[in-house]
2 protein chains.
Amino acid sequence: MSDTRFDFRVTYTDGRARRGVMTTPHGSVETPAFMPVGTQGAVKGLTHRDLEGLGAEILLSNTYHLYLRPGDDLIARRGGLHRFIGWPRPILTDSGGYQVFSLAARRTIEEEGARFQSHLDGSAHLLTPEKATDIQSRLGSDVAMVLDECLAHPSDAATARASMERTLRWAKRGRERLLQLRAGGVDGVAVTNPEQAQFGIVQGGVYPKLREESAHQTVALGFEAYAIGGLSVGEPTDVMYDIVDHTTLSLPEERPRYLMGTGTPADLAESVARGIDLFDCVLPTRNARNGQLFTSEGRINIKNAQYAEDDRPLDPACACYTCRTFSRAYLRHLFLAKEINASTLNTLHNLNFYLDTLRRIKDAIMFRRFESFRRAFHHSLSRQPHDS
Amino acid sequence: MSDTRFDFRVTYTDGRARRGVMTTPHGSVETPAFMPVGTQGAVKGLTHRDLEGLGAEILLSNTYHLYLRPGDDLIARRGGLHRFIGWPRPILTDSGGYQVFSLAARRTIEEEGARFQSHLDGSAHLLTPEKATDIQSRLGSDVAMVLDECLAHPSDAATARASMERTLRWAKRGRERLLQLRAGGVDGVAVTNPEQAQFGIVQGGVYPKLREESAHQTVALGFEAYAIGGLSVGEPTDVMYDIVDHTTLSLPEERPRYLMGTGTPADLAESVARGIDLFDCVLPTRNARNGQLFTSEGRINIKNAQYAEDDRPLDPACACYTCRTFSRAYLRHLFLAKEINASTLNTLHNLNFYLDTLRRIKDAIMFRRFESFRRAFHHSLSRQPHDS
């Protein structure tokens, strides 16, 4: 750990829920934390100052997209991702694997890595564990993710085992590459953030024993922290919660735990209850652009006719700019009129709902009333008086 | 004038350029002023707080669009446009005429008014001078525009005269309707802003004598102020400047003069030099969304390859959020990646350029150095070192 400023300290616990502070080369992050997704170096619909106003402390950006456009070399020449995009706070980048696996017909997986065709121009690429590490070295995120194989759901136990074992072999290669970059570099690979941390990823599908084995062996490789991948891919919610519940027990207490690509507001509370510290998900931002809004009284589909003359704010309990300033009637008008503003105002609200939920979770843990928060939160979410 | 809080006071003059304060029921506006265009009750890509941050004091909104969607009755039931869109400052609405005339094949002009089919659903409508007044009464803008006939360019003198005379007849009908609404109302027409002002519009094409006649007769009808319409429709720039030059001489000194739908940064300076006080134009906002940016060193087309690795701000002389925070390289990336953010950041910059130009013009008039500002401004615009 001496090679990076990355650090994590648990400050409060309540049951298995933890509150903590994750320190990165670009500042610290209070956990549990939700990372807004800035796929191409920007959160769709928001400026960085909007994000800062919401209290976002860390941004997630996608290696696959930035690698293809504008290119990791160009970003390295600009001094790295922070300088290129003008975001001075922590950034986590994924490995690119998930996007590549999502290309379906346009990719094949080999032991060497994942071959794929660009969704932009059809050009052929090979993403290896080493290359995923190199690209992220050029981007200079504060947290890099190791390349893993994303298993489809459902998969049988043998397929899940083979995939989990490949992920372990890739993790070893990715970690070795990072250590090599830290030790003095690799020709042609810029290191724009020398103190970049790297997280390992636990796989193993819906099989607790495989998850356990993956966790132990990934931890043995000695990453700065650990993520749980391959969930929220179609499995039932209770299966996901069980896997999270089981897997966090195999991960070190003193390292942050990141549940990748999840989830709904309820998922956040349930995962924190099982020891998760970090989240990312496109749900609040993508849903916002589709007019689907999260409120303290359930979900609202703003295009519904019932809001045409509704002068109330989206969520009377919300203090975001959107709720302080605009009515449902106006937000519906903006959405139907396809105004850019509709995306901006809806995204502001949904992200505020997520970030505010995590603020309330952190307070609840500190005051040791997380269980009562959790019950009240689920109760409020299940009311859904508007649309359902 | 006793029926409305509308007022105008010239505070400084320098040659024919004037600085002043226009007072409306929702606050005052320092002139010369540029009105950002919020077609459907929102400036595309910006939130109201962005606009306030830029120092925008008055918004223009389009009657045609709001009439069709969400409907002026709905807006009246919400308490008027200010309350509906959450913008507490002055709003000017156009009459809807310009959009209707732009529908080309989908409209016919009669003495009664303009018949047209909605661009949204093809439904048939008749926009009369009375109806344009009624719709704006429901919207409750601070300044309503009277319905005029927008003459195509080029038009011969006979056509221009006939059209100008029809505009005068329509102006009389529109004014009478407003006075009727003020005097106690018209059944079925809500008055959401009882102190709404109404501006007359001078027409007459490129014919100075027709413009003069139009101005005198429009002024005789006794509007709160006067606009020059039917310019920036394809005529040469010097013809436009000549018509503005000539027409402002026929308009009362003590009333604001509004040049509709204009123009380039150079047009602003040239029109202020000829006595204009108010402007609106989609140029800064529409160009921004197309990646065309105004800078103190000329125009930039941000998608050009030469900006791919350009770490400089768009405009080193600009203090807007975009220029303070982001590089041309990042702005180019956002534009090519079709990020919503590209529209927002570019629009912020272009509108700041326009609003800042008017701040500099106001200062120059106050210090009686408008002529030297005007020369320096044209010189800087003509440098265009980047793209041309």
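By what turn and what shift along the axis can chain A be laid on chain B? Here are my notes on that and a few other points.

1. **How to read the model.** This is a predicted model, in which local features need pLDDT of at least 70 and side-chain atom pairs count only at pLDDT 80 or more, while totals for chains, interfaces and linings use all residues. Residues are numbered from 1 along each chain as its sequence is written, and chains are lettered from A and ligands numbered from 1 in the order in which they are written.

2. **The two copies.** A turn of 180° with a shift of 0.0 Å along the axis lays chain A on chain B, with an RMSD of 0.0 Å. This is the relation of a two-fold axis. In chain A, A:Ile340 has the C-alpha nearest the axis, 3.6 Å from it. (The superposition is by least squares on the C-alpha atoms of residues with pLDDT of at least 70 in both copies.)

3. **Where they meet.** Chain A gives 34 residues to the contact and chain B gives 34 residues; two residues are in contact if their C-beta atoms, placed from the backbone, lie within 7 Å. Several helices of chain A each supply at least two residues of the side that touches chain B, among them helix 13 (328–336) and helix 14 (340–366). By class, that side of chain A has 15 nonpolar, eleven polar and eight charged residues. (Nonpolar means Ala, Val, Leu, Ile, Met, Phe, Trp, Tyr, Cys and Pro; charged means Asp, Glu, Lys and Arg; the others, Gly among them, are polar.) The copies meet through the same surface, because 100% of the interface residues of chain A are also interface residues in chain B.

4. **Chain A as a whole.** Chain A holds 15 helices and 16 strands, which are DSSP runs numbered from the N terminus (helices H or I, at least four residues; strands E, at least two). Its radius of gyration is 21 Å, which agrees with the value near 21 Å for a compact globule of 388 residues. (That radius is taken over C-alpha atoms, and the globule rule is 2.2 Å times the number of residues to the power 0.38.)

5. **A small piece of chain B.** Strands 7, 8 and 9 of chain B form an open antiparallel sheet in the order 7-8-9; strands pair if DSSP finds at least two bridges between them. Strand 7 (107–109) and strand 9 (124–127) each have a single partner strand, so one side of each is left without a neighbour in the sheet. Three bridges join strand 7 to strand 8 (residues 114–117), and B:Thr108 stands opposite B:Arg115.
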